[in-house]
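User: Please examine the model shown below and answer a series of questions about its confidence, its cross-links and its core.

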Amino acid sequence: MLRTLLIALCIGAGAAQAHADEIVLRADAPIVDVMVNGKPARMLVDPMLPEMMVFNPDTQARLAVRPVPMVNARAVFDDASVRARIARPRLVFANGKSSRAFTGLFGERWSERADVDGAMGPGVLPYDRVRIVLRDGAGGNVQTWRLPQREFWAVTQTIAGEEARVGFSLNHNETMVNRPLARAMDEARLLTLTGDVQRRRFFLGLTTTVQTARTEERAAGRPMGAVLARTDAPLAGNADVDIVTVTASAETPQRRTVTLGLNALEGCYEFVWERAAGTLSLRCD
């Protein structure tokens, strides 16, 4: 009985600390101030990123972010592989905790925002709870998912009859559907095309061709509505981007993914991520 009581006390103390060690961000400016190698920086928190960081090319020298010697990597984004160097800068956050998250050094910016030095996934934040406020308000219904990857804000759903990964973007209004999912939804007559093919910026200097469409399907409990459906054209890069097209094999077909934009999150109040539990909650009307 004593051992059970001690365990219960430890759990209770841990829960109290988790609720105390919280960071709250606004969706219209999810930016954190952090010390990078002893120098101040402003970093965009982007749920589209896993537990990693990306620094703008023009800020790497100022923040003394240097690549690890003789270590190269390729980051895979959807159907493209982009060459990167790897760094491990020292970060110190407002709560006094430090981190050495893996950092990808690319030749292009992740975000077009001019008021940040780079971007990081929410999993980099050394807080027990991360709350991102979409709009103020009480009430609503809460959906909670256990994340397949604890630090990556993506959940698994069934869309068009098969498993798909559902992510979230705070930087785009439109919902993006990748090529395999767009193809499957089109074959199942779940997409109604509404516009011509157009070229859009993806990130890191990559561009993609998309077509506007509408659907009645839902993802993560939210109506997808108007979407940008990627066409069969692969991701393309400019002359400064070392890109390799990734071709899926029959044994390992490319994952179907949809990234919900702010339009799909209309009517929602907040995200809450609990690190210890590995859960993500979304509160909406």
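Analyst: A residue is called buried under 20% relative accessible area, exposed over 50%, and partly exposed in between (1.4 Å probe, protein chains only). This is a predicted model, in which local features need pLDDT of at least 70 and side-chain atom pairs count only at pLDDT 80 or more, while totals for chains, interfaces and linings use all residues. Residues are numbered from 1 along each chain as its sequence is written, and side-chain values use heavy atoms, with hydrogens and water left out.

User: What is the average pLDDT of the protein, and over which residues is the pLDDT below 50?

Analyst: The pLDDT is the predictor's confidence in each residue, from 0 to 100. The protein averages 88, and 88% of the residues score at least 70. Where pLDDT is low, the predicted coordinates should not be read in detail. That caution concerns the stretch with pLDDT below 50, which has 5 contacts beyond near neighbours in sequence (contact: heavy atoms within 4.5 Å) and covers residues 1–19.

User: Which cysteines does the disulfide join?

Analyst: A disulfide is a pair of cysteine sulfur atoms within 2.5 Å, and by this rule the count comes to 1. Here the S to S distance is 2.0 Å. The joined residues are Cys268 and Cys284.

User: Which strands hold Cys268 and Cys284?

Analyst: Helices (H or I, at least four residues) and strands (E, at least two) are DSSP runs, numbered from the N terminus. The disulfide ties together parts that are 16 residues apart in sequence, because Cys268 lies in strand 22 and Cys284 in strand 23. The strands asked for are therefore strand 22 and strand 23.

User: Are Cys268 and Cys284 buried or exposed?

Analyst: Cys268 has a relative accessible area of 1%. For Cys284 the relative accessible area is 4%. Both cysteines are therefore buried.

User: Why is the disulfide of Cys268 and Cys284 described by a hand, and which one is it?

Analyst: The hand follows from the torsion about the S-S bond of Cys268 and Cys284. This torsion is about 90°, so the disulfide is right-handed.

User: How many salt bridges does the count come to?

Analyst: A salt bridge is a side-chain nitrogen of Lys or Arg within 4 Å of a carboxyl oxygen of Asp or Glu. Some are linked in a network, which joins Glu22, Arg129, Arg131, Glu270, Glu274 and Arg283. By the stated rule the count comes to 18.

User: Which residue forms a salt bridge with Arg183, and how many residues apart is the pair?

Analyst: The closest N and O atoms of Arg183 and its partner, Asp232, are 2.8 Å apart. Arg183 lies in helix 2 (residues 179–187) and Asp232 in the loop between strand 18 (222–230) and strand 19 (236–237). Arg183 is partly exposed at 37% relative accessibility, whereas Asp232 is exposed at 53%. The partner is Asp232, and the pair is 49 residues apart in sequence.

User: Which residue meets Glu151 in a salt bridge?

Analyst: The N to O distance in this salt bridge is 3.7 Å. The pair links distant parts of the chain, 124 residues apart, with Glu151 in the loop between strand 12 (141–146) and strand 13 (155–159) and its partner in the loop between strand 22 (268–274) and strand 23 (279–284). The partner counts as buried, at 19% relative accessibility. It is Arg275.

User: Which members of the largest nonpolar core touch the most other members?

Analyst: A nonpolar core is a set of buried Ala, Val, Leu, Ile, Met, Phe, Trp, Tyr and Cys residues joined through side-chain atoms within 4.5 Å. The largest has 55 residues. Apart from it lies another core, of 22 residues, among them Val54, Phe77, Phe106 and Trp110. In the largest core, the members that touch the most others are Met120, Leu125, Val258, Leu260 and Phe271.

User: Which residue takes a positive phi in the hairpin of strand 16 and strand 17?

Analyst: Strand 16 (residues 192–201) and strand 17 (residues 206–219) pair in the antiparallel sense over 7 bridges (strands pair if DSSP finds at least two bridges between them). The hairpin has 4 residues between the strands. The residue in question is not a glycine, and its phi is about 50°; at 2% relative accessibility, it counts as buried. It is Leu204.
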